[in-house]
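Reader: I have a sequence and a model open in front of me. Can we walk through the fold together?

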Amino acid sequence: ATSLSKATHIVILTGFPCCMDHDQPQETDGPPGAVAIGRACVNLGKTACIVTDTINYPVVKAAAEGTGIECIHFPPASKWGTAERE
C-alpha cells in the first residue's frame, strides 16, 4: 500500500487465452478485474495502463473505454519487442 500511495504510474497486466475450445479464447475474469483496479488507481490520481496480449486486447480496450486507462497489447512471441500503443 505504501508503494502504491507513492507511485504516479501504475501498470496492470492481464490476459491469458484460457478458453481454448472457443473461437475467441479470451480470459473471462482478468480483463474486468484489471479495469476495476485501473479505475481505482485513476480515481486516486494515478496514471493507469493495462498491458495484455493481442487476443484479450479488444475486450480490455472496450471495458476501459472512457476511463482514462491506457491499453497496450503485445503481439505473439515471434514479434516481441514491437508493442503497439493506442
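Reader: Along β1, which side chains point to one face and are buried?

Author: This is a predicted model, in which local features need pLDDT of at least 70, side-chain atom pairs count only at pLDDT 80 or more, and totals for chains, interfaces and linings use all residues. Residues are numbered from 1 along each chain as its sequence is written, and side-chain values use heavy atoms, with hydrogens and water left out. In β1, His-9, Val-11 and Leu-13 point to one face and are not buried (buried means under 20% relative accessible area, exposed over 50%, partly exposed in between, with a 1.4 Å probe and protein chains only). The side chains that point to the other face and are buried are Ile-10 and Ile-12.

Reader: Why do side chains alternate in a strand?

Author: In a regular strand the two faces of the sheet take side chains in turn. β1 follows that pattern, with Val-11 on one face and the buried pair on the other. That pair is Ile-10 and Ile-12.

Reader: In what order do the elements run from the N terminus on?

Author: The protein has three helices and four strands. Helices (H or I, at least four residues) and strands (E, at least two) are DSSP runs, numbered from the N terminus. The order is α-β-α-β-α-β-β.

Reader: How many bridges join β1 to β2?

Author: Strands pair if DSSP finds at least two bridges between them. β1 and β2 run parallel. Ile-10 stands opposite Ala-48, and Val-11 stands opposite Cys-49. The bridges joining β1 to β2 number five.

Reader: What is the bridge partner of Thr-52 in β3?

Author: β2 also runs parallel to β3 (residues 70-74), with five bridges joining them. Thr-52 is in β2. Its bridge partner in β3 is His-73.

Reader: How many of the seven residues of β2 are buried?

Author: Across the protein, buried residues make up 34% of the 86 residues. β2 is largely enclosed by the rest of the structure, because its buried residues number six of the seven.

Reader: Which elements each supply at least two residues of the largest nonpolar core?

Author: A nonpolar core is a set of buried Ala, Val, Leu, Ile, Met, Phe, Trp, Tyr and Cys residues joined through side-chain atoms within 4.5 Å. The largest one has twelve residues, including Ile-10, Val-35, Ile-50, Val-60 and Cys-71. Val-60 is in contact (heavy atoms within 4.5 Å) with Val-35, Ile-50 and Cys-71, among others. The elements that each supply at least two core residues are β1, α2, β2 and α3.

Reader: Which backbone oxygen lies 2.9 Å from a polar atom of the side chain of Thr-52?

Author: Thr-52 counts as buried, at 5% relative accessibility. Thr-52 and Thr-14 are 38 residues apart in sequence, but 5.1 Å apart in space, C-alpha to C-alpha. A polar contact is a pair of N or O atoms within 3.5 Å; within protein, one must be able to donate a hydrogen and the other to accept it, and residues adjacent in sequence count only if both atoms are side-chain atoms. The oxygen in question belongs to Thr-14.

Reader: Which backbone oxygen does the side chain of Thr-14 reach?

Author: Thr-14 is found in the loop between β1 and α2. Thr-14 is buried, with a relative accessible area of 12%. At 3.4 Å, its side chain reaches the backbone oxygen of Gly-30.

Reader: How far away is the nearest side chain of opposite charge from Lys-46?

Author: Lys-46 is in the loop between α2 (30-43) and β2 (47-53). Lys-46 is buried yet has no salt bridge (a side-chain nitrogen of Lys or Arg within 4 Å of a carboxyl oxygen of Asp or Glu). Lys and Arg count as positive and Asp and Glu as negative; His and the chain ends are not counted. The nearest side chain of opposite charge is Glu-70, at 16 Å.

Reader: Which backbone oxygen does the side chain of Lys-46 reach at 2.8 Å?

Author: Lys-46 is in contact with residues including Leu-4, Ala-7, Ile-10 and Cys-41. The backbone oxygen of Leu-4 lies 3.2 Å from a polar atom of the Lys-46 side chain. The oxygen reached at 2.8 Å is that of Ala-7.

Reader: Is Arg-39 buried or partly exposed?

Author: Arg-39 lies in helix α2. Arg-39 is in contact with Thr-67 and Ile-69, leaving aside neighbours within four places in sequence. At 48% relative accessibility, Arg-39 counts as partly exposed.
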